[in-house]
Amino acid sequence: MSNRDKLHTGDLYLPDDPAIEVEQKRYLDRLYDFNQTRPSEPEQQQKILHELFADMGPNCYVEPPLHANFGGHHVHFGAAIYANFNLTLVDDTHIYVGDHTMIGPNVTLATAGHPIDPELRAKNYQYNMAIHIGKNCWLGAGVIVVPGVTIGDNVVIGAGSVVTKDLPSNVVAFGDPCRVARPVGAHDREVYFKDRRIDPQLFND
């Protein structure tokens, strides 16, 4: 099996293979074009993103600059996803993000890892494990998600958290390492921030 074939298997491989690098640089050149667009060029931004990403549903918006190892080529976005400035996608293998998820500034979704063993790491060995993020999640500013993590639906992750393990649906989680703090519940339909109450009419709009 070639190094290129091992990108998505979880096996150890050597990423500095010319067969990988030529393809990767082609995507990175196009990502450079995206990051040079002006705010007044949303149509051009959308055109390039749809070329780069593996899948992108309707009504997605990604604020430049975007950073991605493969230019987003292994990234699958659902519908109506918003990603703020400086999203970093270490997309050496697949990253899946569900509909209506919001991603704060300076978030990193990293699928690539390296052996702990120093001898193998010195030889540049790498492995990749896919990341799955559910629908209607909110990842706060500076969140880091490491290889192989699955996050359920309707999850809120506090700013600066490092997500090292799977998170179930319908929870609020934060910390380093990130841990579930509580479920999303009735209180969250009444108060949106500290003592600020929600107008019930908003649920009917």
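# A walk through the fold, starting at a hairpin

Let's start with the hairpin: β18 and β19 form one with four residues between them, and Gly 175 in its turn has a positive phi of about 115°. Strands here, like helices, are DSSP runs numbered from the N terminus, with at least two residues (E) for a strand and at least four (H or I) for a helix. Before going on, a word on what you're looking at: this is a predicted model, in which local features need pLDDT of at least 70, side-chain atom pairs count only at pLDDT 80 or more, and totals for chains, interfaces and linings use all residues. Residues are numbered from 1 along each chain as its sequence is written, and side-chain values use heavy atoms, with hydrogens and water left out.

Back to the hairpin. β18 (171-174) pairs with strand β19 (residues 179-183) in the antiparallel sense over four bridges; two strands count as paired if DSSP finds at least two bridges between them. Within that pairing, Val 172 stands opposite Arg 182 in β19. β18 also has a parallel pairing, over two bridges, with strand β16 (residues 156-157). There, Ile 157 has Ala 173 of β18 as its bridge partner.

Now for the sheet. Five strands make up an open one, paired in parallel and ordered β1-β4-β7-β12-β15. The edges are taken by β1 (55-56) and β15 (150-151), each with a single partner strand, so one side of each is left without a neighbour in the sheet. At the β1 edge, the parallel pairing with strand β4 (residues 75-77) runs over two bridges, and Met 56 finds its bridge partner in Phe 77 of β4.

Phe 77 turns up again in the nonpolar interior. The largest nonpolar core has 37 residues, and Phe 77, Leu 109 and Ile 151 have the most contacts inside it. A core here is a set of buried Ala, Val, Leu, Ile, Met, Phe, Trp, Tyr and Cys residues joined through side-chain atoms within 4.5 Å, and buried means under 20% relative accessible area, with exposed over 50% and partly exposed in between (1.4 Å probe, protein chains only). Among the elements that give two or more residues to this core are α1, α2, β4, β7, β12 and β18; α2 gives the most, with three. Ile 151 touches His 132, Ile 133, Gly 134, Cys 137, Val 145, Ile 157, Val 163 and Leu 167, leaving aside residues up to four places away in sequence; touching means a contact, with heavy atoms within 4.5 Å. Apart from the 37-residue core lies another, of five residues, including Leu 7, Tyr 13, Ile 20 and Tyr 27.

Tyr 13 and Ile 20 bring us to Asn 3, which touches both of them along with Leu 14 and Asp 17, again not counting residues up to four places away in sequence. Asn 3 sits in the segment before α1 (18-35) and is buried, with a relative accessible area of 19%. Its side chain reaches the backbone nitrogen of Leu 14 at 3.0 Å. A polar contact, also of 3.0 Å, joins the side chains of Asn 3 and Asp 17. (A polar contact is a pair of N or O atoms within 3.5 Å; within protein, one must be able to donate a hydrogen and the other to accept it, and residues adjacent in sequence count only if both atoms are side-chain atoms.)

That leaves the charged pairs. The structure holds seven salt bridges, each a side-chain nitrogen of Lys or Arg within 4 Å of a carboxyl oxygen of Asp or Glu. One of them joins the side chains of Glu 23 and Arg 4 (2.7 Å, N to O). Glu 23 is in helix α1 and Arg 4 in the segment before α1, so this pair ties together parts 19 residues apart in sequence. Glu 23 counts as buried at 13% relative accessibility, while Arg 4, at 25%, counts as partly exposed.

Another salt bridge links the side chains of Arg 30 and Glu 51 (2.6 Å, N to O). Arg 30 lies in helix α1 and Glu 51 in helix α2 (residues 42-52), so parts 21 residues apart in sequence are tied together. Glu 51 also forms a salt bridge with Lys 47, the closest N and O atoms being 2.7 Å apart. Those two are four residues apart in helix α2, separated by about one helical turn. Both count as partly exposed, Glu 51 at 42% relative accessibility and Lys 47 at 45%. Through shared partners, salt bridges join Arg 30, Asp 33, Lys 47 and Glu 51 into one network.
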